[in-house]
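Good morning, colleagues. Please take a moment with the sequence and the structure before I begin.

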Amino acid sequence: METVSGANNWKLVIRREAEGVTILRAETCDGTAALPEELFGLPVTALGHHALAANRAAPPGEEVLVTCGLPGAGWDNGRLRELQLPASLRRVGDYAFLNCGRLKTLSFTENIAFWGGGCFMNCRELDTFHIRGEGEGLAYIADELSRELDVTLRLSGGRTARLIFPEYIELYEENCPAHHFDYSIYGAGYPYHHCFRQKRLQLADYDGLWPDFLAMEHSESAAGRMAFFRLRDPVDLGEEQAAAYRAYLSAHAREVLCGLVKAGSGADVAFFLREGTPGGEALEAACALARELGRSEALALLLEEQHRRFPPGRRKAFDL
């Protein structure tokens with residue numbers, strides 16, 4: 001087994017080809033890891049079938065140990081929570097991440113031309129994606145995963161968009177008298193997972209779904225984050241849609257503001273205080289939560305806003 005230095009610890013089985021390296025098997029003992037961009041002077045261009053699938057035997061191939069120091073124990077991808085794929089990657093094989101049960105965050109660049117079938121099967125915690133590009137790979141992910149997705153797109157020109165794709169549920173229910181299965185969809189998220197044309201995300205279509213989404217049974221938490229992130233990162237956001245999002249934030253100021261305090265971003269709290277104009281009750285609740293959770297930056301911003309908009313009255317004192 002050949003050993004090379006890298007940013008993380010990996011046990012790899014690879015195949016060298018003319019155009020690059022195919023990783024046939026990859027196991028890590030790290031919780032946060034990035035697959036190498038190149039090996040032996042060749043770009044990493046493909047992940048083979050079942051490449052990171054947990055508890056799978058290694059296929060025949062060239063064995064490589066990538067290390068950043070003293071490796072830990074547990075070479076089974078069982079600790080893997082965050083994974084970054086190489087920017088040079090072009091293909092992802094079938095069931096590539098099968099049974100990576102703790103994987104939550106996946107980052108990649110939009111150079112991947114092919115995603116295999118069942119790539120994320122049994123990746124039950126995977127819901128966060130960081131994608132550099134115009135979002136073509138997102139079409140595959142949104143179709144493959146019906147759960148709520150938190151997606152950050154880093155677009156051309158330094159633009160960033162963070163989008164929430166609400167959850168929906170597909171059910172096949174047995175219809176005994178008719179001896180067939182009925183297919184049903186529950187939840188307001190289905191249209192959001194399919195607002196793509198030729199595998200390209202249509203932000204105008206995404207925003208246009210908002211009235212129908214609110215008219216259906218939906219998660220208030222998801223709705224608040226959807227509205228907030230579209231206003232915070234208003235890529236291709238029309239004024240009419242922006243006004244609808246602002247109206248929702250104003251009507252649900254307490255819930256949204258408390259959610260931002262829990263998330264722990266002072267910058268997001270500051271943005272909401274500028275855009276959402278929360279009332280006194282919402283500010284009181286958010287201050288109490290910030291104290292409870294020890295969010296000092298958020299608490300300072302909330303107290304400043306509270307003092308600016310609702311200054312305490314003068315106290316009268318009487319000497320007898």
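I shall speak about the nonpolar core, then the cysteines, then a patch on the surface. Please bear in mind throughout that this is a predicted model.

Let me start with the interior. The largest nonpolar core comprises 90 residues. Within this core, the residues with the most contacts are L52, L85, F97, F120 and F165. Which helix gives the most to this core? That is helix α8, spanning residues 280-293, which supplies seven residues. As a general remark, nonpolar side chains in soluble globular proteins tend to be buried together.

F97 deserves a closer look. Leaving aside residues up to four places away in sequence, F97 touches L47, L52, A53, L83, L85, V92, C119, F120, M121 and C123. Three of the residues just named for their contacts inside the core, L52, L85 and F120, thus appear again as partners of F97.

I turn now to the cysteines. How many disulfides does a search of the whole structure find? The result is zero. For C287, the nearest cysteine sulfur belongs to C258 and is 9.5 Å away. Because a disulfide requires two cysteine sulfur atoms within 2.5 Å, C287 is in no disulfide. C287 has a relative accessibility of 1% and counts as buried. C195 is also buried, with a relative accessible area of 5%.

Finally, the surface. I169, L171 and Y186 make a nonpolar patch of about 250 Å². Y186 belongs to strand β16, residues 180-186. Is Y186 buried, partly exposed or exposed? Its relative accessible area is 40%, so Y186 is partly exposed.

Notes
Residues numbered from 1 in each chain as written. Predicted model: local features only at pLDDT ≥ 70, side-chain atom pairs only at ≥ 80, totals over all residues. Heavy atoms only, no water. Core = buried A, V, L, I, M, F, W, Y, C linked by side-chain atoms within 4.5 Å. Buried < 20%, exposed > 50% of the residue type's maximum accessible area, 1.4 Å probe, protein only. Helix = DSSP H or I, 4+ residues; strand = E, 2+ residues; numbered from the N terminus. Contact = heavy atoms within 4.5 Å. Patch = residues over 30% accessible without salt bridge, like charges linked within 9 Å, V, L, I, M, F, W, Y side chains within 5 Å. Areas by Shrake-Rupley, 256 points an atom, 1.4 Å probe, with all protein chains shown as cover. Salt bridge = Lys/Arg side-chain N within 4 Å of Asp/Glu carboxyl O.
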